[in-house]
Amino acid sequence: MSCRAFYLSLLALSITACGSVNNKQADGNFDYQHKLEANDLVIPANLSKPKQANDFFVTNNINHQGPIGKDMDIRAPSLVMPVAASSRVVEESGIAIIWFDKVLEDKDLLAFIEKVVLEKLAEDQITYDYIEEDTEVTLSKVTEGATSLKETSIKREGIKTAIIESDWYHNEVDVGWIFTDIQFSKSVRFRFQLLAKSHGRSVSLRVSLVDFLQTDEKGGSKTMDPIDKQRAEKAMLNELIAAVDYNYRLQQRADRLTRANQKLVTIGKNIEEEQAYIVEMGLEDLWGNMPLFFEKHGFTITDLNEDKKIYYVEFVKPESSVWDSIWGDDVPVIDVSDAQYQFVLGPVDELNQKTSVTIYKSDGEPLTLEALERIFPVVEKGLSFRDVF
């Protein structure tokens, strides 16, 4: 047990050491910052100046007041990650902003993105407030294509906006075992600005850090390092982008399940009041897809009349073997006699969203209601084209 305790102690010390590493700072010495610049080469007046190559020339036109040595932040720049479908970033922008283009046609894009933001706040157990908007609202860098940091006034004619401010996010580090003490405390508040273009098919989301409080052994501060501020804003925006992508996938899965369970084929009557199948598909689309149905269910097209939308077919019941059932290749068989039939398609409504399929026997009589009901389980699946699309 003593050996195990020793190993656990070493592990704790290693974790503590890792936690104390400053990942903003380079590893090594910084003697270079104390080196003096070499004097320029002085060429005597009676000699020619040697030829100089400018391949590795470093201009002196730089910010000499910038941080050096231990004060330099070496972390890679933070990026906005447009992982959600039809999302895009504003090029050369240091601001945490992204544009979403419409993916779900039956959803209001602004409401969809706003719902994701509110769900994120609820998940984090953070309250929020809406900001009242005037007829003209000032938003920092929300216009697509802008790359400067200046604020832009936008007249809200046809433009929809939503501005949400979160309550405080708190992060505290405790020390001690029995009696704990707060060693480090950081609190931030975010503003979420959404703007939808007048056509509603593009929405921007910008995240801004609006308040900051930090307390540590050095005291308190309300000023955040600009790089840390930018990283915090982009980290929050990336979480929201990932949440939008996840919600897209959830909605698309729900839509697929709805389509899979939807009754696209029912039994009804055509415009001549004859018994027929009613298919939730336009006449032209169904006409073009009918050969797939025939090929899979034992029908051979012998002739057709495209003007009257009639397929003349011959039915021969497919033969299935034991191998078909083993390999899963057996197809449900339509229970009708081997004979010639006519499949006549026609519009049902003025919007051309439904099509009637009337099946006539060789003597010109339509199949009875009893026959349509008997073969309905196979025909319904076939005319829904579930195994094709």
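## Working through a predicted model

Tyr32, Ile68, Met72 and Ile74 make up a nonpolar patch on the surface, together offering about 380 Å² of accessible area. Keep in mind that this is a predicted model. Here are a few exercises to try on it.

**Exercise 1.** Find where Ile74 sits, and work out how it is classed by exposure.

*Solution.* Start with the location: Ile74 is in the loop between α1 (2-19) and β1 (87-89). Next, check the relative accessible area, which is 45% for Ile74. Exposed needs over 50% and buried needs under 20%, so Ile74 comes out as partly exposed.

**Exercise 2.** Glu233 carries a carboxylate; is Glu233 buried or exposed, and what does its side chain pair with?

*Solution.* First, place it: Glu233 belongs to helix α3 (residues 226-261). Its relative accessibility is 5%, so Glu233 counts as buried. Now look for polar partners. A polar atom of the Glu233 side chain lies 2.9 Å from the backbone nitrogen of Leu209, and the Glu233 side chain also makes a polar contact with the side chain of Lys229, at 2.7 Å. Finally, step beyond the neighbours within four places in sequence: there Glu233 touches Ala96, Phe190, Val207, Ser208 and Leu209.

**Exercise 3.** Track down the largest nonpolar core and say which element supplies the largest share of it.

*Solution.* This core has 35 residues, and Phe100, Ile113, Phe192 and Leu205 have the most contacts inside it. At least two residues each come from β2 (97-101), α2 (109-123), β6 (160-166), β8 (181-196), β9 (202-216) and α3. The largest share, eight residues, is from α2. For a close-up, pick Phe192: leaving aside neighbours within four places in sequence, its contacts include Val117, Leu121, Ile164, Leu205 and Met236. There is also a second, separate core of 30 residues, with Leu286, Phe299, Leu367 and Leu372 among them.

**Exercise 4.** Compare the salt bridges Glu119–Lys115 and Asp245–Arg249: how is each pair spaced, and how exposed are the partners?

*Solution.* Take Glu119 and Lys115 to begin with. Their closest N and O atoms are 2.6 Å apart. The two are four residues apart in helix α2, so about one helical turn separates them. Glu119 is partly exposed at 34%, and Lys115 is partly exposed at 45%.

Now go to Asp245 and Arg249, where the closest N and O atoms are 3.0 Å apart. These residues are four apart in helix α3, so again about one helical turn lies between them. Here Asp245 is buried at 14%, whereas Arg249 is exposed at 52%. Elsewhere, shared salt-bridge partners link Glu165, Arg189, Arg191 and Asp211 into one network.

Technical notes:
Residues are numbered from 1 along each chain as its sequence is written. This is a predicted model: local features need pLDDT of at least 70, side-chain atom pairs count only at pLDDT 80 or more; totals for chains, interfaces and linings use all residues. Side-chain values use heavy atoms; hydrogens and water are left out. Patches are made of residues with over 30% relative accessible area and no salt bridge: like charges are joined within 9 Å, nonpolar side chains (Val, Leu, Ile, Met, Phe, Trp, Tyr) within 5 Å. Accessible areas come from the Shrake-Rupley method with a 1.4 Å probe; for residues, only the protein chains shown count as cover. A salt bridge is a side-chain nitrogen of Lys or Arg within 4 Å of a carboxyl oxygen of Asp or Glu. Buried means under 20% relative accessible area, exposed over 50%, partly exposed in between (1.4 Å probe, protein chains only). A polar contact is a pair of N or O atoms within 3.5 Å; within protein, one must be able to donate a hydrogen and the other to accept it, and residues adjacent in sequence count only if both atoms are side-chain atoms. Contact means heavy atoms within 4.5 Å. A nonpolar core is a set of buried Ala, Val, Leu, Ile, Met, Phe, Trp, Tyr and Cys residues joined through side-chain atoms within 4.5 Å.
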